[in-house]
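This report describes the surroundings of a bound ligand and then turns to a pocket in the protein.

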Amino acid sequence: MQITAPRGTRDIMFEEARLWQRAEEALRQLADLYGYSEIRTPIFEHTELFVRGVGEATDIVEKEMYTFNDRGGRSITLRPENTAPVMRAFVEHNMGAKAQPTKLFYFGPMFRYERPQAGRFRQFHQMGIEYTGSGSPMADAEVIRFSLDYFRMLGIKQVKVHLNSIGCPECRPRYKEALKDAYRPNLEALCESCKKRFDANPLRLLDCKSPECRALVPNPPDVEDFLCDDCLAHFTKLKGFLEALSVEYVKDPRLVRGLDYYTKTTFEFTSEGLGSQDAIGGGGRYDGLVGEVGGAPTPSVGVACGMERLITVAKAQGGLDVGPVKPVAYMAGLGEAGAAKAMELAFMLRETGLAAEFDTVGRSLKAQMKYADKLGARFVAIIGDEEMSEAAAVVKDMAEGSQREVGFSDLVQHIRELMGR
Ligand code: AMP
């Protein structure tokens with residue numbers, strides 16, 4: 001029986017893999033410009049990290065983690081996100097002792113046991129940055145602007161920026177109470193998840209997608225009216241900085257996001273053409289997380305974006321347009337001696353940095369010509385018995401339709417000359 005890839009996973013290959021390489025290159029380039037260095041953390045961590053970091057009452061921890069006991073009886077989880085691991089590394093390597101801030105970026109696979117659908121996978125990839133060691137709203141503005149610059153590099157146009165603040169442990173409790181007061185009269189009519197959220201995680205009542213729940217409380221209280229002085233000042237300054245950096249945004253009072261660690265700023269990016277899974281990225285400030293994973297309290301802000309979605313949008317908008325890699329030259333050998341020579345010449349070209357191919361499956365000359373054309377080789381060198389005796393190949397320039405006999409030892413120079421024209 002044939003074995004297929006597990007549900008919710010996919011193979012990235014050929015031209016699509018090239019798009020991914022481009023997207024990764026763009027990220028590295030932008031990270032250099034902005035001063036973020038790469039961090040590669042393990043794919044699996046102690047389960048406890050996510051329970052404490054992401055939060056017990058979140059969808060991720062409650063029902064989406066790939067958790068198992070290893071052979072040593074430890075509870076291990078495939079990372080469902082990478083902010084908690086990066087902060088774990090921040091603490092473990094005492095990065096806070098260095099001059100702050102610490103600016104890190106990452107790229108890699110994440111794992112969530114979700115219901116697969118368009119744009120939603122069980123293994124997916126995220127790029128992200130974490131700006132640690134600054135509580136300034138300037139750091140928030142930088143993270144948001146970095147993301148937008150990245151989208152632009154991928155050729156993605158028209159990204160909508162949703163912005164909100166969810167306050168801090170000082171002011172959020174008052175807001176939670178106000179929310180519960182607003183929802184309480186309709187508690188019985190709410191969906192099952194909202195009934196649970198009402199006590200466990202009332203902020204998440206706001207991002208329930210059910211139209212019925214939304215209709216029951218059409219105008220929930222706005223968090224902005226409940227922020228403490230510090231949170232309000234932070235939010236106001238951030239909006240000013242975003243304007244200074246020409247970032248357009250919409251205030252979205254329902255944007256609370258699914259992870260528990262956020263404080264103050266939350267934001268999300270959406271793009272058209274993705275259907276219901278239209279969020280290409282999101283993030284926010286998480287001043288409490290480093291403390292949660294055992295370090296000294298360290299203010300931080302970060303973003304994570306879904307690569308599958310970014311690449312889908314980039315492809316649709318023609319921003320990332322790469323074809324297959326084409327060999328410069330195809331060495332078409334005939335007969336045993338000609339085929340062996342073709343191999344040798346191909347390696348000679350490769351040594352000088354020219355991409356070259358040759359036949360290893362015994363095609364006829366006609367079939368080799370056809371295959372060279374399919375690969376998109378600009379030059380084909382034919383090496384048969386006659387050519388062998390003259391130590392020369394017939395070189396065809398497929399772009400110009402011309403051909404010439406060229407001595408084996410002049411082949412590289414000849415091809416380079418034609419390329420230079
Ligand atoms: P989150 O870590 O939940 O804040 O998600 C950040 C971004 O990752 C989202 O905006 C999506 O673009 C992407 N993402 C999250 N979950 C998935 C998934 N299951 N499949 C594909 N992309 C995802």
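An oxygen atom of the ligand lies 3.2 Å from a polar backbone atom of Gly281. The protein covers 91% of the 480 Å² of accessible area that the ligand has on its own. The model is a predicted one.

Polar side-chain atoms also approach the ligand, and the table sets these pairs beside the backbone pair of Gly281.

| Residue | Protein atom | Ligand atom | Distance |
|---|---|---|---|
| Arg112 | polar side-chain atom | oxygen | 2.8 Å |
| Glu114 | polar side-chain atom | nitrogen | 2.6 Å |
| Gly281 | polar backbone atom | oxygen | 3.2 Å |

Around the ligand there are 15 residues, and those that come nearest are Arg112, Glu114, Phe121, Arg257 and Ala279. By class, this shell consists of 6 nonpolar, 4 polar and 5 charged residues. At least two residues of the shell come from each of β6 (123-132), β10 (279-285) and β11 (300-306). The largest share, 3 residues, is supplied by β10.

The second largest pocket has a volume of about 310 Å³. Two or more residues of its lining are given by each of α2 (47-53), β9 (263-271) and α10 (289-292). The lining comprises 14 residues, and Pro169, Tyr261, Thr263, Gly288 and Leu289 are the ones nearest the centre of the pocket. In terms of class, the lining of the second largest pocket holds 5 nonpolar, 3 polar and 6 charged residues.

Conventions. Residues are numbered from 1 along each chain as its sequence is written. This is a predicted model: local features need pLDDT of at least 70, side-chain atom pairs count only at pLDDT 80 or more; totals for chains, interfaces and linings use all residues. Side-chain values use heavy atoms; hydrogens and water are left out. On a 1 Å grid over the protein atoms alone, a cavity is a set of points where a 1.4 Å probe fits but cannot get out, and a pocket is an open set with protein on both sides within 12 Å along at least five of seven lines; lining residues have an atom within 4 Å of a point. Grid points are joined across faces, edges and corners, and a volume is the space filled by probe spheres set on the points. Helices (H or I, at least four residues) and strands (E, at least two) are DSSP runs, numbered from the N terminus. Ala, Val, Leu, Ile, Met, Phe, Trp, Tyr, Cys and Pro count as nonpolar, Asp, Glu, Lys and Arg as charged, and the others, Gly among them, as polar. A residue is near a molecule or strand if one of its heavy atoms lies within 4 Å of it. A polar contact is a pair of N or O atoms within 3.5 Å; within protein, one must be able to donate a hydrogen and the other to accept it, and residues adjacent in sequence count only if both atoms are side-chain atoms. Accessible areas come from the Shrake-Rupley method with a 1.4 Å probe; for residues, only the protein chains shown count as cover.
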